[in-house]
Each structure stands twice: as structure tokens, then as C-alpha cells.
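Here's a quick briefing to read with the model open beside you. Take a look first, then work through the points by topic.

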Amino acid sequence: MSRTSQLCTVCGQGTAMIMGLDLEGKKQHFCRDCYGKTFFGNIGGTGEFPQGKIDPADEGELRFALVTDRKRNVIVFEFGKSVKWFALDKAAATALGTAILERARELDDIH
Ligand SMILES: [Zn+2]
């Protein structure tokens, strides 16, 4: 007998990855997409090129979220779409580096 995986209780389609309370305090089993949409709004591509197209393969601005997953003790990047690469200018790279360090400090050390 194979083990069936829990479906997302929000969309009823995605595989549930994260269990938690939604914005109304109701317990849900979220798939990655619904989790991102619920807590981070419009993550994914914006379709805009605020700094111009830096490469022919540039798909434009990407909004993503950086989440501390305490249950798994990892930092998760929620991109909201498939991403091959992303580029950052100095200010954005510095801000992301700082954000990663802040999230890293929230994790437990594992030895
Ligand atoms: Zn879902």
C-alpha cells in the first residue's frame, strides 16, 4: 500500500508541505504556492524591468520571500515561480546578504 500525500487544504491540488494557521487563524496544510501567496502576497515575476533587461534571458523583476522554517531548521527562499538565476546590484546584494544573516541567526545550530 502506498502512502498518499496530504493535499493542500487551500487550493485542494498542491501537495501540502507546510502546516500552519492562515490569516484568519484557521489551521491549513499549505502547498508552497498557497503558503507564499497567503503570507507574502504577490511573489513571483512582476513582468517589469525596472533596471532594464540585463541579459537576453532576463525575465524581469522577481519578488521573493525569505522565510525561516523553524520546523525544518532551514531558511527557505520562496520565489513563486521557476527561477534559473537572478542578479543583484550592490545595494540589493548587500540587503539580501544582511537578510540571510538575520534569518540564519534565528536557526538552531546543528552539530
Ligand atoms: Zn495550495
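**Overall shape and confidence**

The chain has a radius of gyration of 17 Å, whereas a compact globule of 111 residues would come in near 13 Å; the radius is taken over C-alpha atoms, and the globule rule is 2.2 Å times the number of residues to the power 0.38. Bear in mind that this is a predicted model, where local features need pLDDT of at least 70, side-chain atom pairs count only at pLDDT 80 or more, and totals for chains, interfaces and linings use all residues. Residue numbers start from 1 along each chain, as its sequence is written.

- The C-alpha trace spans about 50 × 35 × 35 Å along its principal axes.
- Mean pLDDT for the chain is 84, with 95% of residues at 70 or more; pLDDT is the predictor's confidence in each residue, from 0 to 100.
- Among the elements, helix α2 (residues 90–106) has the highest mean pLDDT, 89, and β1 the lowest, 78.

**Domains and layout**

- The domain assignment splits the chain into domain 1 (1–40) and domain 2 (42–106), with bounds that come from an automatic or database assignment.
- Taken over C-alpha atoms, the centres of domain 1 and domain 2 sit 22 Å apart.
- You'll find two helices and six strands, which are DSSP runs numbered from the N terminus (helices H or I, at least four residues; strands E, at least two).
- Going along the sequence, the order is β-β-α-β-β-β-β-α.

**Burial and the core**

- Just 6% of the 111 residues count as buried, meaning that 20 or more other C-beta atoms lie within 10 Å of the residue's own (exposed is 12 or fewer, partly exposed is in between, and C-beta atoms are placed from the backbone).
- The largest nonpolar core is made up of six residues, Cys8, Ile18, Phe30, Cys31, Cys34 and Tyr35; such a core is a set of buried Ala, Val, Leu, Ile, Met, Phe, Trp, Tyr and Cys residues joined through C-beta atoms within 7 Å.
- Setting aside residues up to four places away in sequence, Ile18 touches Phe30 and Tyr35, where a contact means C-beta atoms, placed from the backbone, within 7 Å.
- Helix α1 (residues 32–40) has Cys34, Tyr35 and Gly36 as its buried residues, and their cover includes β1 (18–21), β2 (27–30), β5 and β6.
- Of the contacts with a separation of 6 or more, 29% are between residues 24 or more positions apart.

**The β5–β6 hairpin**

- Strands β5 (residues 65–69) and β6 (residues 74–78) run antiparallel and are joined by five bridges; pairing takes at least two DSSP bridges between two strands.
- Val67 has Val76 as its bridge partner in β6.
- Four residues lie between the two strands, and Asn73 in this hairpin takes a positive phi near 60°.

**Loops and other spots to check**

- Gly41, just after α1, also has a positive phi, of about 65°.
- Ile43 lies in the loop between α1 and β3 and counts as partly exposed because it has 19 C-beta neighbours inside 10 Å.
- Beyond its neighbours within four places in sequence, Ile43 contacts Gly36, Arg63, Phe64, Ala65, Glu78, Phe79 and Gly80.
- Ile43 and Ile110 are 67 residues apart along the chain, with 30 Å between their C-alpha atoms.
- Ala57 is in the loop between β3 (44–45) and β4 (62–63), and it counts as exposed because it has 8 C-beta neighbours inside 10 Å.
- From Ala57 to Lys84 is 27 residues in sequence and 9.7 Å in space, C-alpha to C-alpha.

Conventions: Two residues are in contact if their C-beta atoms, placed from the backbone, lie within 7 Å.
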